[in-house]
Amino acid sequence: MDTTSQSSEAPEPFRIAIIGAGPSGFYTAEHLLKTATVPIEIDLFDMLPTPYGLVRAGVAPDHEKIKNVTARYDVVADRPEFRFFGNVELGRHLSVDDLRSCYHQIVYTTGAQVDRELGIPGEDLPGSHSATEFVAWYNGHPDFRDREFDLSQSAAAVVGVGNVAIDVARILARPVADLEKTDMADYAIDALRNSGVHTVYVLGRRGPAQAAFTNPEAKELGELEDVNVLVEPDEVELDDLTKEELEASPDRLTEKKVKTIQTWSTEGNRSGSKTIHFRFLVSPTEIIEKDGRVGAIRIVKNVLAKDSNGRVRPKATEETEVLPVGLVFRSVGYRGTAIPGVPFNDSWGVIPQADGRVTTEEGTVVLGEYTAGWIKRGPSGVIGTNKADAQATVDAMLADMAEGRLLKPSRGSSAGISDLLSEKGVRWVSWEDWKRLNDLECAAGGKLGRPRVKFTTREEMLEKLD
Ligand SMILES: Cc1cc2nc3c(=O)[nH]c(=O)nc-3n(C[C@H](O)[C@H](O)[C@H](O)COP(=O)(O)OP(=O)(O)OC[C@H]3O[C@@H](n4cnc5c(N)ncnc54)[C@H](O)[C@@H]3O)c2cc1C
Ligand SMILES: NC(=O)c1ccc[n+]([C@@H]2O[C@H](COP(=O)([O-])OP(=O)(O)OC[C@H]3O[C@@H](n4cnc5c(N)ncnc54)[C@H](OP(=O)(O)O)[C@@H]3O)[C@@H](O)[C@H]2O)c1
């Protein structure tokens, strides 16, 4: 097997680039290091100076324990065969051809970076935002820290009933004293401290049984201090179609979640100064302008019906209603973005692939290129879901490695990429650099009884390092 264009006595390791240092990138690296039977070296790139993807920039600050998963990623990063290249964006600082000149295999684990749109009038009005932006803003993502949200409004609507919608509603309603103990960006804590939002509508187009959020997240809302959770009793009663479905295929998790939601109509915490008001079986049809910005949202009442594939879908009725809100957060899912030179399925927002091997849109396998995680299968699944997904991709990589189906890099030594980045004048952030930033963040947090105080601009991070 021809490993590289160089010759030496010891076998040259196979060199692998992974693009995207979120959970999928780390699980890919972990499984490669665990299962490869030939010497390999892994370089993990991220456009941000910081690792961990949505574990740092997505997971809610008040869910600190979830972030402990990074300890597992740190074990991978401490392996001698591993290097981190933060602050390096594929498509900006490096091209795919650059990677092909340095690596035998390339894995794209770039996640889903943008939001899906609703496609309704008024969506672009000031005051209408995506959950993607809001979440990245409160988590201190450098590309979103300058977004502005007019929290002087008294009511907001969150469209969608997934776990991200629950995060957004909870962050808007939760007492700020709780947030002050977290790693939420300081500017976001300040803004939320002065927030006038006291009512948050959460809008689901189907019924409680079809809500995408999970029971523990729903239960947590009902237990928040000073927060009243409301539902409309007629909207949380199960319709005949849903009852039939649940009888035909009983599902304990769904039953538990429905029970939690129905409990809110009878035992909701009625004394809160803020209210999260769930509306089920409603779809937004228009965001209504007032004084040049969001003034209200029009919703239409739905019933449930089966489509031609037997799926339970919302069907609009003639009945509409207007909710007076000054802010709208659409939380209807994320979307992957295209990287120049990498095949992309624009309808699905994913990289086309077969068993983790990147393919053209027509299905031809692209030699030496692979994908895992949200950019491979779409924006669904919790952190752990990406582990099995990455392992499946690694299995394909190792099979190809064994059969010599590899790129033949012209700069295939470990210095190849660092030389190339230096030639281009790119200041990359190494794992050692990140550890220094991490120590500084944790030390600043420690003084305040918080897990960390995040750096939120690239400039301040590089300044601390240089
Ligand atoms: C708001 C939110 C909250 C969540 N909360 C939870 C939770 O509490 N518990 C849970 O289990 N799951 C949670 N999830 C789901 C979980 O975060 C995802 O399953 C997981 O992060 C997906 O991993 P990934 O590696 O595929 O993508 P990501 O985590 O998005 O990582 C992709 C990485 O690629 C980098 N990147 C993108 N493009 C480029 C490029 N061109 N060049 C270089 N780098 C690039 C990005 O900077 C990013 O670091 C949440 C998701 C969201 C959106
Ligand atoms: N605590 C946690 O564990 C946690 C926290 C955050 C995120 N996550 C995970 O991250 C993944 C992504 O979460 P997500 O909330 O972004 O996505 P999601 O779970 O796919 O939820 C998207 C929601 O948007 C709704 N929707 C889609 N299009 C719509 C439209 N046109 N009009 C109205 N509603 C629409 C969906 O309704 P339909 O079902 O009717 O399509 C659904 O309720 C999920 O797997 C989630 O579990 C986990």
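This is a working chat about a predicted model of a protein with two ligands.

Trainee: Starting with the overall build, how many helices and strands does the protein have?
Mentor: The protein has 17 helices and 18 strands. The model is predicted, so treat every value here as computed from it.

Trainee: What box do the C-alpha atoms fill?
Mentor: Along the principal axes, the box is roughly 75 × 55 × 40 Å.

Trainee: And how does the radius of gyration sit against that of a compact globule?
Mentor: The protein has 24 Å, which agrees with the value near 23 Å for a compact globule, because that is what 466 residues would give.

Trainee: What share of the residues counts as buried?
Mentor: Of the 466 residues, 46% count as buried. As for contacts between residues at least 6 apart in sequence, 77% join residues at least 24 apart.

Trainee: OK, domains. Where do they run?
Mentor: The domain assignment gives domain 1 as 14–113 + 336–429 and domain 2 as 114–333. Their C-alpha centres lie 33 Å apart. The contact between them takes 11 residues from domain 1 and 16 residues from domain 2.

Trainee: What is the side of domain 1 that touches domain 2 made of?
Mentor: That side of domain 1 divides into five nonpolar, three polar and three charged residues.

Trainee: Now the ligands. How many residues surround ligand 1, and which are closest?
Mentor: Ligand 1 is surrounded by 36 residues, and the closest are Gly20, Gly22, Gly53, Gly111 and Gly373. Helix 1 (23–35), strand 2 (40–46), helix 6 and helix 14 (385–402) are the elements that give two or more residues to this shell.

Trainee: Which element gives the most there?
Mentor: Helix 1, with three residues.

Trainee: What about polarity around ligand 1?
Mentor: The shell around ligand 1 divides into 17 nonpolar, 16 polar and three charged residues.

Trainee: Which domains does that shell draw on?
Mentor: The shell around ligand 1 takes at least three residues from each of domain 1 and domain 2.

Trainee: And ligand 2, which residues come nearest?
Mentor: Gly160, Gly162, Asn163, Val164 and Ala212 come nearest, out of 24 residues around ligand 2. Helix 6 (residues 163–173) gives the most to this shell, with four residues.

Trainee: How do the residues around ligand 2 divide by type?
Mentor: There are 10 nonpolar, 10 polar and four charged residues in the shell around ligand 2. Domain 1 and domain 2 each supply at least three residues to the shell around ligand 2.

Trainee: Changing topic: how do strand 12 and strand 13 pair?
Mentor: Strand 12 (residues 293–306) and strand 13 (residues 312–323) pair in the antiparallel sense over nine bridges. Leucine 304 stands opposite proline 314 in strand 13.

Trainee: What is in the turn of that hairpin?
Mentor: Five residues lie between strand 12 and strand 13, and glycine 310 in the turn has a positive phi of about 80°. Arginine 311 also lies in the loop between the two strands.

Trainee: Is arginine 311 buried or exposed, and why?
Mentor: Arginine 311 counts as exposed because it has 9 C-beta neighbours inside 10 Å, and the cut-off for exposed is 12 or fewer.

Trainee: How far apart are arginine 311 and arginine 83?
Mentor: C-alpha to C-alpha, arginine 311 and arginine 83 are 46 Å apart in space, and in sequence they are 228 residues apart.

Note on methods:
Residues numbered from 1 in each chain as written. Chains lettered and ligands numbered in written order. Predicted model: local features only at pLDDT ≥ 70, side-chain atom pairs only at ≥ 80, totals over all residues. Near = placed C-beta within 6 Å. Nonpolar A, V, L, I, M, F, W, Y, C, P; charged D, E, K, R; others polar. Domains from an automatic or database assignment. Contact = placed C-beta atoms within 7 Å. Rg over C-alpha atoms; globule rule 2.2 N^0.38 Å. Buried ≥ 20, exposed ≤ 12 C-beta atoms within 10 Å, placed from the backbone. Pairing = 2+ DSSP bridges.
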